[in-house]
Amino acid sequence: LLYASSSVGIMFMNKIVLTTFGFPSAWFLAFAQYVCTMLTCSLLKCVDVVHYPEASKESFKDIMPLPVLFLANALTGLSGTKRVNLPMFTVLRRFSIFFTMVL
């Protein structure tokens, strides 16, 4: 329930920032969100709230296509946020996740 509400909240905030406030760069918005996510995960790991293995060359090679696909999905989704209304954006975003999974 927390994941669903935070996902919807982030989607609404992105739409508001990119359209109402006229923020010029969806790429910078995505970069800022990823940096905040990495810092939050690192902080939670330091205080022993979450546990995940350290990064290594082997794990990097194993999962390399996944971060690239995720980044492409996120950037195209944020770029499309400016151009369509919210209901259409939601439908297209959900379809793009399905399409990415099928490929």
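**Reading the labels on a predicted model**

Colleague: Why is I16 called partly exposed?

Modeller: The relative accessible area of I16 is 34%. Buried needs a value under 20% and exposed a value over 50%, so I16, at 34%, falls in between. This is a predicted model, and the value is computed from its atoms. I16 is placed in helix α1, residues 2-20. Its C-alpha atom is separated by 16 Å from that of A32, 16 residues away along the chain.

Colleague: How confident is the predictor, in terms of mean pLDDT, about the protein chain?

Modeller: The mean pLDDT is 84, and 100% of the residues reach 70 or more. Among the elements, α2 has the highest mean, 91, and helix α5 (residues 86-102) the lowest, 76.

Colleague: How many helices and strands does the protein chain have?

Modeller: The count is 5 helices and 0 strands, which gives the pattern α-α-α-α-α along the sequence. The C-alpha atoms fill a box of roughly 40 × 35 × 30 Å along the principal axes. Of the contacts with a separation of 6 or more, 62% are between residues 24 or more positions apart.

Colleague: Which residues make up the largest nonpolar core?

Modeller: The core has 6 residues: L18, A26, L29, A30, L75 and L78. Two elements, α2 (26-46) and α4 (65-81), give two or more residues each, and α2 has the largest share with 3. Membership requires buried nonpolar residues joined through side-chain atoms within 4.5 Å. In the protein chain, 14% of the 103 residues count as buried.

Colleague: What is L78 in contact with, leaving aside its neighbours within four places in sequence?

Modeller: L78 is in contact with N14, L18, A26, L29, A30 and Q33.

Colleague: What makes F23 and F28 an aromatic pair, and what makes the pair tilted?

Modeller: The ring centres are 6.2 Å apart, and the limit for a pair is 6.5 Å. The planes are at 35 degrees; under 30 would be stacked and over 60 edge-to-face, so the pair is tilted. F23 has a relative accessibility of 26% and F28 one of 48%, so both count as partly exposed.

Colleague: Why is the pair of Y34 and F70 tilted?

Modeller: The planes of Y34 and F70 are at 55 degrees, and the centres are 5.9 Å apart. An angle of 55 degrees is not over 60, so the pair is tilted rather than edge-to-face. Y34 is in helix α2 and F70 in helix α4, so the pair ties together parts 36 residues apart in sequence. Y34, at 26%, is partly exposed, whereas F70, at 52%, is exposed because its value is over 50%. By the rule for ring pairs, the count for the model is 2.

Colleague: Why does the charged end of K45 count as sitting over the ring of Y52?

Modeller: The charged end of K45 is 4.3 Å from the centre of the ring, and the distance limit is 6 Å. The rule also has an angle limit of 35 degrees from the ring normal; K45 is listed as sitting over the ring of Y52.

Colleague: How do you know that C41 is in no disulfide?

Modeller: The nearest cysteine sulfur to that of C41 belongs to C36, 11 Å away. A disulfide needs sulfur atoms within 2.5 Å, so C41 is in none. C46 is also in no disulfide, with the sulfur of C41 as its nearest, 11 Å away. The whole structure has 0 disulfides. C41, at 34%, is partly exposed, while C46, at 64%, is exposed.

Colleague: Why does M38 count as exposed?

Modeller: M38 has a relative accessibility of 54%, which is over 50%, so the label is exposed. The residue is in helix α2. M38 and A72 are 34 residues apart in sequence and 18 Å apart in space, C-alpha to C-alpha.

Colleague: What is the phi of D48, and where is the place of D48?

Modeller: D48 has a positive phi of about 60 degrees, although it is not a glycine. Most residues other than glycine have a negative phi. D48 is in the loop between α2 and α3 (57-63). With a relative accessibility of 56%, over the 50% limit, D48 counts as exposed.

Key:
Residues numbered from 1 in each chain as written. Predicted model: local features only at pLDDT ≥ 70, side-chain atom pairs only at ≥ 80, totals over all residues. Heavy atoms only, no water. Buried < 20%, exposed > 50% of the residue type's maximum accessible area, 1.4 Å probe, protein only. Helix = DSSP H or I, 4+ residues; strand = E, 2+ residues; numbered from the N terminus. Contact = heavy atoms within 4.5 Å. pLDDT = per-residue confidence, 0-100. Phe/Tyr/Trp six-rings, centres within 6.5 Å; stacked < 30°, edge-to-face > 60°.
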